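The paragraphs below lead through one protein chain, from overall figures to its sheets, its cores and a few backbone details. Keep the sequence and the coordinates at hand while reading.

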Amino acid sequence: MAIAAAAAVAVSSPNLPYRRGNPRLPHQQETAASATLIVKPRSAIFGRRALSSFLYYSQRNDGGRIGGLPIRSEMTTASATSDDPGFADRDAGLHHIPRISPLMAASPVVASSVALPPKRYKKSVCLFYCEEMRELAERVALESDSINLRSISWRKFEDGFPNLFIPNAHGIRGQHVAFLASFSSPGVIFEQLSVIFALPRLFISSFTLVLPFFPTGSYERMEDEGDVATAFTLARTLSNIPISRGGPTSLVIFDIHALQERFYFGDSVLPCFESGVPLLKNRLQQLPDSENISIAFPDDGAWKRFHKQLQHFPMIICNKVREGDQRIVRLKEGDPRGRHVVIVDDLVQSGGTLIECQKVLATHGAERVSAYVTHGIFPNRSWERFNYDNGVGPSNGLSYFWITDSCPLTVKEVKNRAPFEILSLAGEIAAALQI
């Protein structure tokens with residue numbers, strides 16, 4: 001028997017009519033002298049399952065005996081009821097054993113299928129979003145049938161304060177709920193925080209806050225007494241989101257400026273730090289010169305942040321040197337000659353550092369220069385400073401400038417403008433909602 005083979009059977013009896021070549025089967029009605037059949041599982045995983053079916057097989061056909069012998073397991077004691085012989089004591093570590101025929105129990109096919117891992121459960125998520133994130137939310141919903149979009153009424157009173165309403169609040173009870181946020185300016189943070197603090201109180205199963213761009217992440221240090229680290233302030237605010245029925249809120253952030261900022265969050269929120277770099281790697285593989293790519297970092301901080309994710313590419317490191325009142329970018333290590341060099345950083349604001357880095361790489365012989373940042377902030381339309389090279393060369397501009405859609409206002413401005421190209425986080429967000 002396939003199941004019986006998963007256990008070692010020891011028999012102790014002074015006068016047992018037992019023949020090695022012809023063991024008695026459970027359906028045989030012959031009885032023997034008093035003895036005990038001790039079942040020793042050989043495997044902690046398969047042995048437990050095999051033993052369960054083994055015990056049921058004997059209970060079903062011979063009242064707890066095999067070959068007329070009572071059975072005892074050295075792993076656990078299984079107790080069966082007379083009403084349900086397929087029941088094993090759950091407290092003893094066994095589960096309910098389905099009613100199957102003795103032939104099915106002994107089948108090698110059935111035995112092998114018992115050990116197969118169960119299919120992974122795909123949870124259904126109700127995804128709310130702020131108005132800025134509508135397009136990204138729709139793309140996220142297209143990534144999975146298990147994500148259902150839900151809207152919020154974003155109204156204002158006459159004095160300008162938010163007048164918010166969550167439609168069908170009773171309908172999300174017991175559901176997994178997520179909110180896609182964009183803290184693009186201080187003016188929109190309060191109304192979104194109001195919704196974020198309200199949703200977990202609606203008796204939902206779990207709550208996930210997706211904040212692709214953590215806007216105060218670069219303000220995490222105090223260089224002088226009196227400086228306010230607003231990264232800490234926002235982190236502590238989000239740490240006070242109410243706990244839902246499923247426990248603490250999951251907080252999904254992409255490429256936060258400094259990984260040590262995870263320690264700014266309290267115990268009532270679970271920060272999950274994701275990255276947009278896999279999107280860049282996929283895009284680079286599609287380029288015709290994908291075998292000629294080198295990665296450049298504008299400073300040591302960017303190298304520390306991303307080099308492990310891009311370690312299979314040749315690397316170039318630049319650094320900033322202060323000369324008087326100016327900060328000049330210089331080549332620290334690596335050789336860009338004849339290469340398509342891609343500058344990688346987490347975010348861009350004015351873009352001054354990236355432009356200086358582009359010029360240095362062009363001076364040192366790079367064939368083409370492109371750039372990638374996860375978060376394109378570009379205040380005051382600073383994206384206009386970046387030119388397209390038109391195939392002329394890196395001294396004229398960039399071949400590509402890849403950004404994600406973490407900052408939706410920027411996406412609207414640079415969409416379909418060379419050298420900019422948008423890499424959507426929709427797939428990454430959809431996957432994060434299943435964690």
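A contact here means heavy atoms within 4.5 Å. The model is a predicted one. Of the contacts in the chain with a separation of 6 or more, 66% are between residues 24 or more positions apart. The secondary structure consists of 11 helices and 19 strands. The chain has 435 residues, and buried residues make up 46% of them. Its accessible surface comes to about 22,600 Å², with 50% of that belonging to carbon and sulfur atoms.

Two open sheets can be taken in turn. One has six strands in the order β6-β5-β9-β10-β11-β12, with parallel pairing. Its edges are β6 (147-149) and β12 (269-274); each has a single partner strand, so one side of each is left without a neighbour in the sheet. From one strand to the next the twist averages 25°. Within this sheet, β10 (residues 206-210) and β11 (residues 249-254) pair in the parallel sense over three bridges. L209 stands opposite L251 in β11. Helix α4 (residues 134-143) packs on the sheet and touches β5 (125-129), β6 and β9 (176-180). The direction of α4 makes about 145° with that of β6. Strands of a sheet pair through backbone hydrogen bonds, either parallel or antiparallel.

The other sheet has seven strands, ordered β15-β14-β13-β16-β17-β18-β19, and its pairing is mixed. Here β15 (326-333) and β19 (420-423) stand at the edges; since each has a single partner strand, one side of each is left without a neighbour in the sheet. The twist from one strand to the next averages 25°. Two helices that pack on this sheet can be described by the strands they touch. Helix α7 (residues 277-285) packs on it, touching β13 (293-297), β16 (340-348), β17, β18 and β19, and its direction makes about 120° with that of β19. Helix α9 (residues 352-363) also packs on the sheet, where it touches β13, β14 (315-323), β15, β16, β17 and β18. The direction of α9 makes about 45° with that of β15.

Which strands pair with β16, and over how many bridges? β13 pairs with β16 in the parallel sense over four bridges, and eight bridges join β16 to β17, which run parallel. On the β13 side, I295 stands opposite V342 in β16; on the β17 side, the bridge partner of V341 is V369. β16 is mostly covered, with nine of its nine residues buried. Beyond β17, three bridges join that strand to β18, and the two run parallel. In this pair V373 stands opposite I403 in β18.

The nonpolar cores come next. The largest has 72 residues, and those with the most contacts inside it are F179, F214 and L238. β5 gives the most to this core, with five residues. Another core lies apart from it and has 24 residues, among them I343, C357, F378 and F386.

The structure holds zero disulfides. Two of the cysteines can be placed by their exposure. C130 has a relative accessible area of 3% and C407 one of 11%; because buried means under 20% relative accessible area, both count as buried.

The remaining details concern the backbone. Most residues other than glycine have a negative phi, and most peptide bonds are trans. F203, in the loop between α5 (186-198) and β10, has a positive phi, near 60°. Is F203 buried, partly exposed or exposed? With a relative accessible area of 47%, F203 is partly exposed.

N390 also has a positive phi, near 55°. The residue sits in the loop between β17 (368-376) and β18 (401-404). N390 counts as exposed because its relative accessibility is 57%, where exposed means over 50%. N390 and A418 are 28 residues apart in sequence, and their C-alpha atoms are 9.1 Å apart in space. A418 leads on to a cis peptide bond: the one from A418 to P419 has omega near 10°. P419 is found in the loop between α10 (408-414) and β19, and β19 is one of the edge strands of the seven-stranded sheet.

Note on methods
Residues are numbered from 1 along each chain as its sequence is written. This is a predicted model: local features need pLDDT of at least 70, side-chain atom pairs count only at pLDDT 80 or more; totals for chains, interfaces and linings use all residues. Side-chain values use heavy atoms; hydrogens and water are left out. Two strands pair if DSSP finds at least two bridges between them. Axes are lines fitted to C-alpha atoms, for helices over the stretch in contact, and angles run from 0 to 180 degrees between N-to-C directions. A nonpolar core is a set of buried Ala, Val, Leu, Ile, Met, Phe, Trp, Tyr and Cys residues joined through side-chain atoms within 4.5 Å. Buried means under 20% relative accessible area, exposed over 50%, partly exposed in between (1.4 Å probe, protein chains only). Accessible areas come from the Shrake-Rupley method with a 1.4 Å probe; for residues, only the protein chains shown count as cover. A disulfide is a pair of cysteine sulfur atoms within 2.5 Å.
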